[in-house]
Amino acid sequence: TVPADAELSWPLPAAAKAYAAIDGHRMKQYVEELVSISRKSRDAGNRYWGRIAGMPSGRETEQWLASKFRQAGLEVRIDEFELRAQAFPKSWDVRVSGAGKTLSLTSASPIITFPNYMPAAEGDMTLDTVWAGLGMASDFIGKDVRGKAVFVYSVPTPSSLIQSASWMGAVTRAQEKGAAALFVVLAIPGNMSFVSHLQGLSNNAKLPVFTVGLDDGEAVESLNAAAASVSALKTQVRWKVETVSGLMAANVIGMLPGQTAESILMISHLDGYFEGANDNAAGVASMAGLAEYFARRPREQRRRTMYFVGIPDHHTGDAGGRRLHDTWQDVFARTAVILNAEHVALAEPVW
């Protein structure tokens, strides 16, 4: 563990000296507290773990933020609502066999929209397997992938959010050529399990799609090379998706009254997959830090009323955002600025 005083830090610009009282180390501690909620979800045995809306981890995250707002002196309101039916990957297993050897791909993880693309809620398929390189047009020449498992290698540009398998068309080509399952190996060193979007998936596609860590992916490529003159690789993929209705979640709203009804609104989503430090514990921590900073200032120094809102379900439907839109038109009509705190600590920003 790196001591806090040894971490990289940047000097505060002279133009921002008014904000010197905001403690970055305190906000870093908030990130760690949120990550601990995710780890509790993992330790409870959830394969699809993190701070998930509607689940105990989501509820604990909402309570955490409400507590921070109350401690800072904000007026707090919990706006609870029912989520639409939620589909969760409950279990999955991916194994690749060939040349007398079987690999268990422990890093394989369903993509964010996994339930949308399943041919059934539960499945067990054993498929011939094709390694398709970067998935460019020439990589598919002479390869029949119809009804087969396809592995493609993908370069982060610069991260798992935007990667070559999407913008170079590998995902689209695999679908159009009839792949029965798709595995995207992301070239980040190690064997990281990660959840990502994949641009290029058709709304009509019905095939299991997984991301795979680099170590597992390179092991598959090596096995493919070893088995090439012997027999085709086989991939067995199993999954189970569970759909749950009646789950509840809440927008957590903190308010600091100002001198006028004109307002400033800051929003940050509470949910995150796995540890979710960058997406989006850092955003929530920054929002909490700013709320604490402005709460310490006398009301007469706050010309505008300030709202700080934690949205519970950005990754699973954004019902909280829609609810805010539908019920807060009077607030929006007098809002000067809306801020969204997301990925604020990410070292490789994309958008």
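Which residue of S14 does Ile-267 stand opposite? In this predicted model, Ile-267 stands opposite Val-309, and the legends below begin with the sheet that holds this pair before turning to the helices and to one buried alanine.

**View 1. An open sheet of 5 strands, with mixed pairing, has the order S2-S11-S14-S12-S15.** The edge strands are S2, made of residues 75-82, and S15, made of residues 335-340, and each of them pairs on one side only. From one strand to the next, the twist averages 20 degrees.

**View 2. Strand S12 is joined to S14 and also to S15.** Residues 260-269 form S12 and residues 304-311 form S14; these two strands run parallel and are joined by 8 bridges. Within this pairing, Met-306 of S14 is the bridge partner of Ile-264, while Val-309 of S14 is the residue opposite Ile-267. S12 and S15 also run parallel, and 5 bridges join them; here Leu-265 stands opposite Ile-338, a residue of S15.

**View 3. Helices H6 and H7 pack on the strands of the sheet.** Helix H6 lies across S11 (residues 248-256), S12 and S14, and it runs at about 150 degrees to S12. Helix H7, which comprises residues 319-327, touches S2, S11, S12 and S14 as it packs on the sheet, and its direction makes about 115 degrees with that of S2.

**View 4. Helix H7 has buried residues along one face.** Ala-319, Gly-320 and Leu-324 are buried in H7. Seen down the axis of this helix, its buried residues fall within an arc of 140 degrees, so they line one face of H7. The elements that cover them include S2, S11, S12 and S14, together with helix H8 (residues 329-332).

**View 5. Helix H1 spans residues 24-43 and has a length that agrees with expectation.** At 1.5 Å a residue, the 20 residues of H1 should span 28 Å, and the C-alpha atoms at its ends are 29 Å apart, which agrees. At the N-terminal end, Asp-23 caps H1, with a side-chain oxygen that lies 2.9 Å from the backbone nitrogen of His-25. Just after the helix, Gly-45 takes a positive phi of about 100 degrees.

**View 6. The buried residues of H1 pack against one strand and two helices.** In H1, the buried residues are Met-27, Tyr-30, Val-31, Leu-34, Val-35, Ile-37, Ser-38 and Ser-41. They cover an arc of only 140 degrees around the axis, which puts them on the same side of H1. An α-helix has 3.6 residues a turn, so residues three or four places apart point the same way. The partners against which these buried residues pack are strand S1 (50-51), helix H2 (56-72) and helix H6 (277-295); H6 is also the helix that lies across S11, S12 and S14.

**View 7. Ala-181 is a buried residue in strand S8.** S8 is formed by residues 181-186, and Ala-181 counts as buried because its relative accessibility is 0%, where the cut-off is under 20%. Leaving aside residues up to four places away in sequence, Ala-181 touches Leu-127, Lys-148, Ala-149, Val-150, Leu-207 and Pro-208. Ala-181 and Met-27 are 154 residues apart in sequence, and their C-alpha atoms are 41 Å apart in space.

Terms used. Residues are numbered from 1 along each chain as its sequence is written. This is a predicted model: local features need pLDDT of at least 70, side-chain atom pairs count only at pLDDT 80 or more; totals for chains, interfaces and linings use all residues. Side-chain values use heavy atoms; hydrogens and water are left out. Helices (H or I, at least four residues) and strands (E, at least two) are DSSP runs, numbered from the N terminus. The expected span of a helix is 1.5 Å times one less than its number of residues. Buried means under 20% relative accessible area, exposed over 50%, partly exposed in between (1.4 Å probe, protein chains only). The arc is that of the directions from the helix axis to the C-beta atoms. Contact means heavy atoms within 4.5 Å. A polar contact is a pair of N or O atoms within 3.5 Å; within protein, one must be able to donate a hydrogen and the other to accept it, and residues adjacent in sequence count only if both atoms are side-chain atoms. Two strands pair if DSSP finds at least two bridges between them. Axes are lines fitted to C-alpha atoms, for helices over the stretch in contact, and angles run from 0 to 180 degrees between N-to-C directions.
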